[in-house]
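Please open the model in your viewer and keep the selection tool at hand. The stops below follow one another, each with a selection to make and a note on what is found there.

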Amino acid sequence: MALLVLAVALAGLWLARKPITRGFVDRKFAEAHVPARYTIQELALGHQRLTGIVIGDPDNPDLVADWVELETSVGLGGARVVGISAGKVRVKGRIVDGTLSLGSLDRLIPKGEGGAFRLPAIALDLEDGRMRLETPQGVVGIKATGRGRLDGGFRGSIAAVSDRIAGGDCAAAHAAGVFKVDIRQDAIRLNGPLRAASAACGGNGAAGVRSDLAGSLAPDFARWHGSARLSVDTGRVQALTMAGLSGDIRFAGSAGAIQGKAALTADRLAGSGVGGQAGAIDGAFRYAAGTGAFTGQARLGRAAVAAGTRASFASLGSIGAGTPVAPLTAQLARALDAGARDFAVTADLSAATNGARGSVKLTRLIAVAESGASITLTSRDGTQFVWPDGGATVRGDLVMGGGGLPDLNATLAQAAIGAPVTGMVTIAPYEAGGARLALTPVKFSAGLDGRTRIDSVATLSGPLGGGSVEGLRLPVAARWDGRGGLAINPACAPVSIARLRVAGIDARGTATQLCPVDGAMLRIASGRVGGGAMARDLRVAGAIGRSPLALRAGSATVRLGERRFDLGAVAVRIGTPDRLTRFDIARLDGGFGATIGGTFGGTAGQIGAIPLLLSQAAGTWRMDRGKLIVAGTSTVSDAAGDPRFNPLKADQVALTLIDNRIAATGLLTTPGGIKVADVMIRHDLSNGTGAANLVVPGLHFGPAFKTEALTPLTKGVVENVVGTVSGEGHIRWSRDAVTSDGVFRTRDTDLAAAFGPVTGVSGEIHFTDLLGMVSAPNQVATVKTIDTGIAVQDGVIRYRLLGPSRIQVTDAIWPFAGGKLSLDPTTLDFLDPGGRHLTFQLTGVDAAQFLQQFDFQNLNATGIFDGTLPMIFDASGGRIENGRLKVRPGGGTIAYVGEVSKADLGTWGNIAFQALKSLRYRSLDLTMNGSLGGEVITEAKFAGVAQGEGAKSNFLIRRLARLPFVFNVRIRAPFRGLLETATDFYAPENLVRRALRQNAPTPPVQPSESEKVR
């Protein structure tokens, strides 16, 4: 271009020829006020050659050329330049107000219409032309070469470089381009690659920019258009980073503005926790005066949320562990993770920039995951995001669902940036793993600071502790503080449960008022879960199996942060009133998570018809895959109105409840720690049936452990037991009846019974009604000795127990005094105040051995007797009533061996006693009456009497002997050989007194007047 100026200035050289050429050219430069230096080396017709050309300020020239050759033509209009050839040309230029300026050369350039620059109609052959072009955007170095007419037909190449070129807030570094130039009449066409090490605009940038440019410039350089195939190694738009960006751009513009369309793709994109491997953007753009705009569509394929963000979904899945929410949060976490691993996004958007500020408006956004999940946001007004302040306006309709996500429709509205986002969300019931959550339309409001309020009513069903809850209905008032803090239900709210099934419980229609604990029913702060709920006078009604259930708790508290709950004053009733299982629990606590369990204390109750009362129970409990497991200790008492045993301690209790069946084992001990029995219990709650087995391995009684320490039933029956008892007891129950049986045994046991001391008791007793203390008939016990006042040994007793205080004796037989002693069948009732009647039969008893039982020291007898000894035992003692002994035919003898006082008896009394001192008799009847603990009066009637050996005889006695004597003798004496009977039993200390008396001499059988008692 500078060469064209030079050619025009020298057009007149040909006319003046060389002598006048310099003056002419100098005048032309002077007229244009353009300093110039040159040398005319050749001057011929139509051809001129100049060398050493310098135009402009010599110190800062606008053009320097080593040589220039001009081709001129002379016509009627004068001489004109038609061609220029040049060697090395160096030019300086500037863009001023959108127009190219060549400095002082501008005054030599011919003007087009309106004074605008235009390319001259000259043929140019440029060997090496270079220009330093200063633009408002930066300095560009240009190198050109080529040949042809400048107004059409020029072919060549142009190379341009710039260290930095910038416009507004956009800049490119180390830019370079090499273009083929094709000048035609209507345009200057450029085609070639353009490179830039980096480029940035409004905080966004790119590196490794390459473009294959095909463009056209208007002849006056005021307008251009073209296309470019773009390739970028890496790029960044706000938080979005790109790699492998490529595509096509079509553009048109001028120095003041540029617009066009772009279709770009990226191999990889990442930003704001999201990355993808196939991104694309299509749309139209415009940039002018520092402002930009874009309208189009963006797509991102094979996208994924960052692993760190997905890891947070795992913590979401652990929320509500052990509650009905757990399957829902677990599925939601899995769905979010699966959807976030591979999805595609399409967005219809428009963007605008103004310097460092900008905004993006979404009119539609669709995200579809490989998992089947999808999210669609549509908005007529658009959802807008701005930077650098980060504000946003959210408007439109949001639809989400599929791939395990809940199906929802939301309407979002926001009046302006900074105003709260409000809306309504309709969510379809969400189901997973047997859990179901239904929400009424959710109202929400979210402020610019993140504070969000959500209100709805939730109905939840799902698994709980091996069971389930159905229709748990609770108002939900959620508050998000925008700083990671969430509070749900900070105020009291009513809650109802349609059905609760857990641990065999089936409860229906439960309702109560819940109040928050620690500020909210659910509170999340700094990633930690807290809060809880509390209820007063909680009542639950339903069934456990087929048995009715009623549960009441004075207080119930759940603490989510600690994953614990506490119940106080719990009352549990299972079954009908006639078959009621009840538990009253002062304290029950537990934790929930992977398992549910805790402790309990202060528990009392009774399982079904088991005649056992539990009290002071304490221990631990836990749920394991639907099974309730309890371990602890308790006190066990008899449920009967008149207890059959004293309270025992139950140790090592292990109870399980599964499928409506209770199974329990334990160890019964006395309060002092003596083991009594092993207990095994089973109970079916569904039908009210069950059984209890008691195993007594060997319970030893003695001075250290007496029977009255175990049971009050021995009171009035036996005492001072020394021996061991073992056996098994079985109790069975149903809705209709309770039955029991058992077998117990003992060997060589000693005791004190109501009828006397007993030693060496052995036997086995079979109970047909253990609870009623009823045995099978004909139970057998062997007894070494029984001393009822008449000591007997080696007896065999056949009996039957008829209850706790009644014994039916079938028979009892002892060898006795050379004969046999037997007890007539009788029933002994130890609670009968009228006394117990025992009738002993003596068969073939030797008189001498019989009298030895009474320890009579002054009386001897012979003969075989039979008889009956009726005895009565009551609270006042024992006595013989009308006991009778009769000698068998053949009679016997009786002799008195004591001393008789003549002075006191008189003559006739002395004669009688002398005759009685030794008698033979044919018949003898004894009648006995009196207290066994005091005096027994024995009346003896002798008949067929004759003197025996040792009796004194005289004339009178011999005469009297011929008379038919009948003697009636009345003997009054203590019945020392008998036990102190029932008096000793009711007052055992009498046994001690009797033991102290046993060393005292026994008085003889005679009147006190005859002889002192020895």
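Colour the chain by secondary structure to begin with: this predicted model has nine helices and 64 strands. Switching to a surface display, you are looking at an accessible area of about 48600 Å², of which 57% belongs to carbon and sulfur atoms. Of the 1014 residues in the chain, 45% count as buried, and among contacts with a separation of 6 or more, 47% are made by residues that lie 24 or more positions apart.

**The nonpolar cores**

Select Trp621, Ile797, Trp814, Phe816, Phe840, Leu842 and Leu924, which touch the most other members of the largest nonpolar core, a set of 108 residues. Then centre the view on Ile797 and show its surroundings; leaving aside residues up to four places away in sequence, Ile797 touches Gln779, Val780, Ala781, Val783, Ile786, Val809, Asp811, Ala812 and Trp814. A second core, separate from this one, has 75 residues, and you can find it by selecting Ile55, Ala65, Ala175 and Phe179, which are among its members.

**A hairpin and its neighbour**

Next select residues 806-816 and 819-823, which are strands β52 and β53; the two run antiparallel and are joined by five bridges. They form a hairpin with two residues between them, and in the turn Ala817 has a positive phi of about 50°. Within this pairing, Ile813 has Ser822 of β53 as its bridge partner.

Now add residues 836-846, strand β55, which runs antiparallel to β53 and is joined to it by four bridges. Which residue of β55 stands opposite Ser822? Selecting Gln841 shows the answer, since Gln841 is the residue of β55 that Ser822 faces.

**The disulfide**

Where is the one disulfide of the structure to be found? Select Cys492 and Cys515, whose sulfur atoms are 2.0 Å apart, and look along the S-S bond, where the angle of 110° makes the link right-handed. Cys492 sits in the loop between β30 (486-488) and β31 (493-502), whereas Cys515 belongs to strand β32 (residues 505-517), and the pair thus links distant parts of the chain, 23 residues apart. Cys492 counts as partly exposed because its relative accessibility is 40%, and Cys515, at 21%, counts as partly exposed too, the cut-off for a buried residue being under 20%.

**Salt bridges**

There are 39 salt bridges in the structure, and a few of them make useful stops. Begin with Arg559 and Asp518, whose side chains meet at 3.5 Å, N to O. Arg559 lies in strand β36 (residues 547-559) and Asp518 in the loop between β32 and β33 (522-525), so this salt bridge ties together parts that are 41 residues apart in sequence. Both ends are partly exposed, Arg559 at 28% relative accessibility and Asp518 with a relative accessible area of 47%.

Move on to Lys886 and Asp925, where the N to O distance is 3.4 Å. Lys886 is in strand β58 (residues 877-887) and Asp925 is in strand β61 (residues 923-931), so placed that the pair links distant parts of the chain, 39 residues apart. Lys886 is partly exposed at 48% relative accessibility, as is Asp925 with a relative accessible area of 30%.

For the next pair, select Asp651 and Lys649, whose side chains meet at 3.8 Å, N to O. Is Asp651 buried or exposed? Asp651 counts as buried because its relative accessibility is 18%, whereas Lys649, at 38%, counts as partly exposed. To finish this part of the tour, select Arg90, Asp128 and Arg130, which are linked in a network of salt bridges.

**Two backbone angles to inspect**

Most residues other than glycine have a negative phi, and the last two selections depart from that pattern. Select Arg302 in strand β17 (residues 291-305), where phi is near 50°; at 58% relative accessibility, Arg302 counts as exposed. Then select Arg563 in the loop between β36 and β37 (564-574), which has a positive phi of about 55° and, at 35% relative accessibility, counts as partly exposed.

Conventions
Residues numbered from 1 in each chain as written. Predicted model: local features only at pLDDT ≥ 70, side-chain atom pairs only at ≥ 80, totals over all residues. Heavy atoms only, no water. Buried < 20%, exposed > 50% of the residue type's maximum accessible area, 1.4 Å probe, protein only. Contact = heavy atoms within 4.5 Å. Areas by Shrake-Rupley, 256 points an atom, 1.4 Å probe, with all protein chains shown as cover. Core = buried A, V, L, I, M, F, W, Y, C linked by side-chain atoms within 4.5 Å. Disulfide = S-S within 2.5 Å. Salt bridge = Lys/Arg side-chain N within 4 Å of Asp/Glu carboxyl O. Pairing = 2+ DSSP bridges.
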